[in-house]
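Visitor: I would like to understand the reasoning behind the labels people put on a model. Could you take me through a few?

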Amino acid sequence: MIRRVILFLVLNFGALLLGGLLMNGEVTGDWYLSLNKAPWTPPGWVFGAAWTTIMLCFTIYMTLAWEHVKNKRNLLILFGIQWVLNVFWNPVFFALHYVAPGLVIIMSLTLLVGYFLIGYLQELSWKVLFVVPYFAWLLVATSLNAYILLYN
């Protein structure tokens, strides 16, 4: 079990690292700073704290899911799709400035993480609570992306 925790930690935080690298520093660039952002946009430091918490909880979730979900192949496919969507939203939105495709990506990611929450509820019971922070944050992030699309 410890090996699985380490594996999911590396994969989850690796996604954050890769996504961050693919942003090309645009989170502090002129384009992003000049955007009309939602009034509920959190300060910058919240993003790091939120993603650290989310990935720790998602690591626990995936470790527990691996122990309890019968169809591990589907679980890994969904995890892989989640990983790709999580990584590639960053360059699409920040580096390429493609706000509408970014919204499609983040909405897809939100729906997929919602599936991790609802779709595995019967097999995982209370353990799905570990994916709630991820889902809640994605609802906020999706609203921020949508606001930027509508008001810029």
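Guide: Happily; we will go through some labels for this predicted model and set each value against its cut-off.

Visitor: Why is Asn145 called buried?

Guide: Buried means under 20% relative accessible area. Asn145 has 2% relative accessibility, so it counts as buried. Asn145 is part of helix α7.

Visitor: What makes the pairing of Asn145 and Trp89 a polar contact?

Guide: The side chains of Asn145 and Trp89 are joined at 2.9 Å, and the cut-off for such a pair of N or O atoms is within 3.5 Å, so the label applies. Setting aside neighbours within four places in sequence, Asn145 is also in contact with residues including Phe93, Val99, Gly102, Leu103 and Ile106.

Visitor: And Ser34, in helix α2: why is Ser34 called exposed?

Guide: Exposed means over 50%. Ser34 has a relative accessible area of 57%, and therefore Ser34 is exposed. The C-alpha atoms of Ser34 and Asn152 are 9.6 Å apart, with the two residues 118 residues apart along the chain.

Visitor: Which residues touch the most other members of the largest nonpolar core?

Guide: Those are Tyr61, Phe116 and Tyr134, in a core of 42 residues. Two or more residues come from each of α2, α3, α4, α5 and α7, and α3 gives the largest share, 10 residues.

Visitor: What does Tyr134 touch, beyond residues up to four places away in sequence?

Guide: Tyr134 touches Trp51, Ile54, Met55, Phe58, Gln82, Asn86, Leu109 and Val113.

How values were computed
Residues are numbered from 1 along each chain as its sequence is written. This is a predicted model: local features need pLDDT of at least 70, side-chain atom pairs count only at pLDDT 80 or more; totals for chains, interfaces and linings use all residues. Side-chain values use heavy atoms; hydrogens and water are left out. A nonpolar core is a set of buried Ala, Val, Leu, Ile, Met, Phe, Trp, Tyr and Cys residues joined through side-chain atoms within 4.5 Å. Buried means under 20% relative accessible area, exposed over 50%, partly exposed in between (1.4 Å probe, protein chains only). Helices (H or I, at least four residues) and strands (E, at least two) are DSSP runs, numbered from the N terminus. Contact means heavy atoms within 4.5 Å. A polar contact is a pair of N or O atoms within 3.5 Å; within protein, one must be able to donate a hydrogen and the other to accept it, and residues adjacent in sequence count only if both atoms are side-chain atoms.
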